[in-house]
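This report describes selected features of one protein model. Please look over the sequence and the structure before reading on.

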Amino acid sequence: MSNIKVRFAPSPTGFMHIGNTRTALFNWLLAKKLGGKFMLRIDDTDTLRSKAEYEAAIRDALHWLGLEWSEEARQSARAARYQEVTERLKQAGRVYACYETPEELEFMRKRLLNKGLPPIYDRSALKLTPEQIARYEAEGRRPHYRFKLVDGDIVWHDMVRGECRYSEKNLSDPVIIREDGSFLYHLPSVIDDVDFGITHIVRGEDHVTNTAAQIQMFEAIGGKVPTFAHLPLLTGKEGKLSKRLGSLGVKELRAEGVEAMAICSFLAKLGTSESIEPFYSLEELAATLDFSKMGRSQPKFDEAELKHFNTRMLHTMPYEAVKDRYSVSAEFWNAVRGNLEVADDVKLWDSICRQTLIPQIEDKSLCDAAADLLPPEPWNDNTFNEWMSAVKTQSGKKGKELFHPLRKALTAMDNGPELKILLPLIGRDKAYKRLKGETA
RNA sequence: GGUCCCAUCGUCUAAAGGUUAGGACACCACCCUUUCACGGUGGUAAUAUGGGUUCGAAUCCCGUUGGGAUCACCA
């Protein structure tokens with residue numbers, strides 16, 4: 001076992017959606033490909049917005065997708081550890097107290113922006129005299145804390161973006177502790193990554209500037225900087241599909257009949273130079289993972305395209321992949337899968353063959369004739385063809401005129417698997433009655 | 001506004017200075033199946049824009065336009 005470890009770190013402030021899923025998937029695939037571990041970390045530092053129901057839904061979605069984890073952690077349980085590290089950083093002068101109110105900060109940002117300047121925090125808290133601080137404290141102001149970035153360029157080699165370089169001058173010192181004493185995302189994330197031995201971080205490119213700041217945090221606490229991969233964000237027709245704005249839920253897709261492996265296959269290849277093809281296992285998919293094949297521009301995610309792909313995938317879906325979900329035989333599955341739009345449609349065909357239905361008689365004389373010509377059982381491979389030539393000869397009908405009314409009578413459907421395949425599954429008794437217009 | 005990223009068929013992309021600009025999905029046509037679907041074959045379709053550099057530019061450089069990210073007491 002290698003020492004490779006990756007993590008998926010959702011904040012339980014919303015449901016799993018396509019953007020989240022993509023991030024989780026790539027992390028999982030990377031762990032699998034490198035023979036490493038995949039960890040789930042619940043980033044619930046935002047206690048106001050975090051909800052147990054979201055967390056449960058995220059876990060459900062991960063299980064359903066097959067993205068199993070071998071280890072987990074919860075940030076809300078690690079406050080003492082964060083506090084300890086923060087104390088050290090305060091001693092080292094890397095964390096400092098600030099007394100501006102959110103309103104003041106907002107005002108400063110607007111003023112800078114209006115002057116055409118970047119809205120970067122000016123570090124005025126660093127210039128506060130002990131008297132000023134005492135006055136703020138006396139006023140009842142509680143400090144929030146920032147991490148002090150040090151001068152110089154921050155450089156890393158990104159698995160998808162290549163060399164990335166940021167100057168500290170263009171970055172604000174990130175706030176790491178709120179006025180109420182609770183931690184914000186940045187530092188706990190880094191502490192966890194160090195403590196849990198995370199070697200690779202795959203996330204959306206909305207995090208690139210965070211990465212610049214966080215690299216200094218890794219260095220400040222003496223941790224090893226992981227390898228990063230920042231994926232281009234997905235976009236959609238109605239706007240962005242980033243992890244916050246993305247609204248297409250995994251649960252909804254599932255309810256609409258989209259297969260877990262269709263989602264995974266689709267997301268793993270979208271935006272890469274490889275074509276989107278069905279993969280029937282995550283292991284198989286992991287073997288093909290290659291960040292160098294990831295494009296740098298933002299791919300468009302189209303739900304309709306995913307559903308179309310899902311349907312296409314079903315047409316070649318091996319019986320093994322569904323046998324636990326449906327009580328149908330391999331023969332039956334292979335016979336009908338080419339006509340499925342969603343996998344659940346197999347139940348419809350199963351019931352058409354085994355349950356009773358009200359036939360739809362479009363051409364009574366044709367159906368009557370067909371019923372009378374129906375050969376006695378046992379049937380063999382030629383039975384259907386022999387029967388059809390007999391019906392054709394007697395009725396003088398062929399092609400659609402012949403098949404469509406028979407299909408409607410036998411299945412009450414406009415289209416579906418070949419009648420030749422369906423007929424033996426329906427059986428002579430039902431077939432005869434249905435052709436005669438009887439419910440059977 | 002600063003910083004960073006991006007721009008090739010409808011979509012995802014290939015072509016690390018010389019290609020009839022390739023593939024996949026979608027779409028269309030034809031074939032197969034005595035229906036639909038499945039399947040097979042083929043086809044339509046692209047280098048945002050203006051300047052350079054070069055014998056030669058999708059490719060290198062600069063500008064323009066357009067898109068995106070970020071600059072939160074969200075993650």
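## Cavity and pocket

The largest cavity has a volume of about 70 Å³. This is a predicted model, and the count comes to one cavity of 30 Å³ or more. The lining of the largest cavity is made up of 13 residues, and those closest to its centre are Phe26, Ala268, Lys269, Leu289 and Asp290. Two elements, helix 1 and helix 9 (260-269), each give two or more residues to this lining.

The second largest pocket holds about 480 Å³ of space. Its lining consists of 22 residues, with Trp64, Glu259, Ala260, Ala321 and Arg325 nearest the centre. Helix 8 (250-255) and helix 9 are the elements that give two or more residues to the lining of this pocket. Empty space of this kind is found by rolling a probe the size of a water molecule over the atoms.

## Aromatic pairs

There are ten aromatic pairs in the structure. Such a pair is described by the distance of the ring centres and the angle of the planes.

Phe26 belongs to one of these pairs, with Phe291 as its partner. The ring centres of Phe26 and Phe291 are 6.0 Å apart and the planes stand at 35°, so the pair is tilted. Phe26 lies in helix 1 (residues 18-34), whereas Phe291 lies in the loop between helix 10 (282-287) and helix 11 (303-314), so the pair ties together parts that are 265 residues apart in sequence. Phe26 and Phe291 are both buried.

Is the pair of Trp156 and Tyr166 stacked or tilted? The centres of these two rings are 6.0 Å apart and their planes are at 10°, so the pair is stacked. Trp156 is in strand 6 (residues 153-158) and Tyr166 is in strand 7 (residues 162-167), ten residues apart. Trp156 has a relative accessible area of 6% and is buried, while Tyr166, with 22%, is partly exposed. Ring pairs also bring in Phe228, so that Trp156, Tyr166 and Phe228 are linked into a cluster.

## Charges over rings

Two tyrosine rings have a charged side chain over them, as follows. The charged end of Lys90 is placed over the ring of Tyr145, at 4.2 Å from the ring centre. Arg146 lies over the face of Tyr121, and the distance to that ring centre is 3.7 Å.

## Helix 6

Is helix 6 (residues 186-195) mostly covered or mostly exposed? Helix 6 is mostly covered, with eight of its ten residues buried. The buried residues are His186, Leu187, Pro188, Ser189, Val190, Ile191, Asp192 and Asp193.

These buried residues pack against several elements of the chain. The strands among them are strand 1 (5-8), strand 2 (37-42), strand 8 (175-177) and strand 9 (200-204). The helices are helix 3 (79-91) and helix 7 (208-220). After helix 6 comes Gly197, which has a positive phi near 70°.

## Cysteines

How many disulfides does a search of the whole structure find? The search finds zero. Cys353 is in no disulfide, and the nearest cysteine sulfur, that of Cys367, is 17 Å away. Cys367 is likewise in no disulfide, its nearest cysteine sulfur being that of Cys353 at 17 Å. A disulfide requires the two sulfur atoms to be within 2.5 Å, so a distance of 17 Å does not qualify.

Cys353 has a relative accessibility of 3% and counts as buried. Cys367 counts as buried too, at 0%. The cut-off for buried is under 20% relative accessible area.

## Backbone exceptions

Most residues other than glycine have a negative phi, and most peptide bonds are trans. Three places in the chain depart from this pattern, as set out here.

Arg123 is not a glycine, yet its phi is positive, at about 65°. Arg123 lies in the loop between helix 4 (102-114) and helix 5 (130-139). Ala412, also not a glycine, has a positive phi of about 60°. The loop that holds Ala412 runs between helix 16 (399-411) and helix 17 (419-426).

The peptide bond from Glu377 to Pro378 is cis, and its omega is near 5°. Pro378 is found in the loop between helix 14 (364-373) and helix 15 (383-395).

Methods: Residues numbered from 1 in each chain as written. Chains lettered and ligands numbered in written order. Predicted model: local features only at pLDDT ≥ 70, side-chain atom pairs only at ≥ 80, totals over all residues. Heavy atoms only, no water. Buried < 20%, exposed > 50% of the residue type's maximum accessible area, 1.4 Å probe, protein only. Phe/Tyr/Trp six-rings, centres within 6.5 Å; stacked < 30°, edge-to-face > 60°. Helix = DSSP H or I, 4+ residues; strand = E, 2+ residues; numbered from the N terminus. Lys NZ or Arg CZ within 6 Å of the ring centre and 35° of its normal. Contact = heavy atoms within 4.5 Å. 1 Å grid on protein atoms, 1.4 Å probe; cavity = no way out; pocket = protein on both sides within 12 Å on 5 of 7 lines; lining within 4 Å. Points joined across faces, edges and corners; volume = space filled by probe spheres on them.
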